[in-house]
Amino acid sequence: MREAMVTAPVGDDVFGDDPTVISLERHVAGLFGHEAALFTPSGTMANQIALQLVVPRGGELLAGGDAHVVTYELGAAAALGGISTRTWPDVGAALDVERIAAMIRPAGYPSVPTRAIAVEQTHNLGGGAVISLETLRGLRTVADEAGVALHCDGARIWHAHIADGVPLDVYGRIFDTLSVCLSKGLGAPVGSLVVGSAEKIAEARLIRKRLGGGMRQVGILAAAGRHALDHHLARLTVDHARAGRLAEALEPFGVVEAAQVRTNLVPLDLSEAKLDAPTLAAAAAERGVLIAAMLPRTARLVTHLDLSDEDVEQAASVLGELLS
Ligand SMILES: Cc1ncc(COP(=O)(O)O)c(C=O)c1O
């Protein structure tokens, strides 16, 4: 990856002439069966650009209460996009399509009109759960009937693609806009993309500039992203298997159901455990195992390309000792 970065031809992407960025954007748009894509520095910026594309100021977004766009983007939809958000109670990937349909408020009434629905694939706080293709298609039908847009926060859509074998373009065509990240399971140091129609992406380019996300000789980062896509996508099966192994090893401690772990995230429910999440994370870190405390009693383990099977066994044994 470093080699690809060093040798990448670059231009000035604010002027739209960085060849490596152009090539990455075309490639990713094609992967998802869309016309165009836009490189952004972060997944948060990609999501926020997409939300501004599909929800005009004063309009409403429907999303899960645990969604990244609701929970971790610091109110950006409201603060930057003037977007009003209403949530459904999240239960990971088990979306209740009928309930979401019933939440949609049409325009023409004295209430905030719903303009878009956002889903997260895979679902981060849902422990990397994968939303089924059938559910997504059901949601598309609902969106079409109501005349609202559908956005996918696809930071980890690669993992859903690998876990369920659904082609990326099949996912892509369901949504009006997607955000996808190269910097998570795929292992690039930085970079996400907004994917959509040529018209939407032309507008996205202006929103990105307004947000301060116009980047200059950024082909060096696009090259890292392209390397990640070409070399690190198929190998996600390894991360999924290792996450499964961790879950199996920790299931006897009553903190995770191994059968629920299908991708690279292992959520630990510590509600009955003797240690809370920050204490467990601190104790594990002292023993060389880094985990994230997501909530007082929820921790998250992530498997990724810098780990070996031995690392996974060591993590399982350290965490097992701390939890027993
Ligand atoms: C589901 C999801 N969407 C979006 C993001 C935002 O990505 P970034 O940290 O690059 O802004 C994250 C980050 O963890 C995420 O988990």
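Two strands count as paired if DSSP finds at least two bridges between them. Keep that cut-off handy for this predicted model.

**Exercise 1.** Work out in which sense strands E2 and E4 pair, and over how many bridges.

*Solution.* Start with the ranges: E2 covers residues 60–64 and E4 covers residues 114–120. DSSP needs at least two bridges for a pair, and these strands have four, in the parallel sense. For a spot to look at, Ala63 sits opposite Ala118 in E4.

**Exercise 2.** Place that pair in its sheet and find the edge strands.

*Solution.* First, write down the order: E1-E7-E6-E5-E4-E2-E3, seven strands in an open sheet with mixed pairing. Next, look for strands that pair on one side only: these are E1 (36–40) and E3 (84–88), the edges. Then check the twist: neighbours in this sheet are turned by 20 degrees against each other on average, ignoring direction. Finally, add helix H2 (residues 19–31), which lies across E1, E6 (177–181) and E7 (192–196) and runs at about 125 degrees to E1.

**Exercise 3.** Describe the largest pocket and its lining.

*Solution.* Begin with the volume, about 610 Å³. Of its 27 lining residues, Leu125, Gly126, Gly127, Gln260 and Pro267 are closest to the centre. By class, the lining splits into 14 nonpolar, seven polar and six charged residues.

**Exercise 4.** Find which element gives the most to the lining of the second largest pocket.

*Solution.* This pocket holds about 230 Å³. E10 and helix H14 (309–323) each supply at least two lining residues. H14 gives the most, with five.

Conventions. Residues are numbered from 1 along each chain as its sequence is written. This is a predicted model: local features need pLDDT of at least 70, side-chain atom pairs count only at pLDDT 80 or more; totals for chains, interfaces and linings use all residues. Side-chain values use heavy atoms; hydrogens and water are left out. Axes are lines fitted to C-alpha atoms, for helices over the stretch in contact, and angles run from 0 to 180 degrees between N-to-C directions. Contact means heavy atoms within 4.5 Å. On a 1 Å grid over the protein atoms alone, a cavity is a set of points where a 1.4 Å probe fits but cannot get out, and a pocket is an open set with protein on both sides within 12 Å along at least five of seven lines; lining residues have an atom within 4 Å of a point. Grid points are joined across faces, edges and corners, and a volume is the space filled by probe spheres set on the points. Ala, Val, Leu, Ile, Met, Phe, Trp, Tyr, Cys and Pro count as nonpolar, Asp, Glu, Lys and Arg as charged, and the others, Gly among them, as polar.
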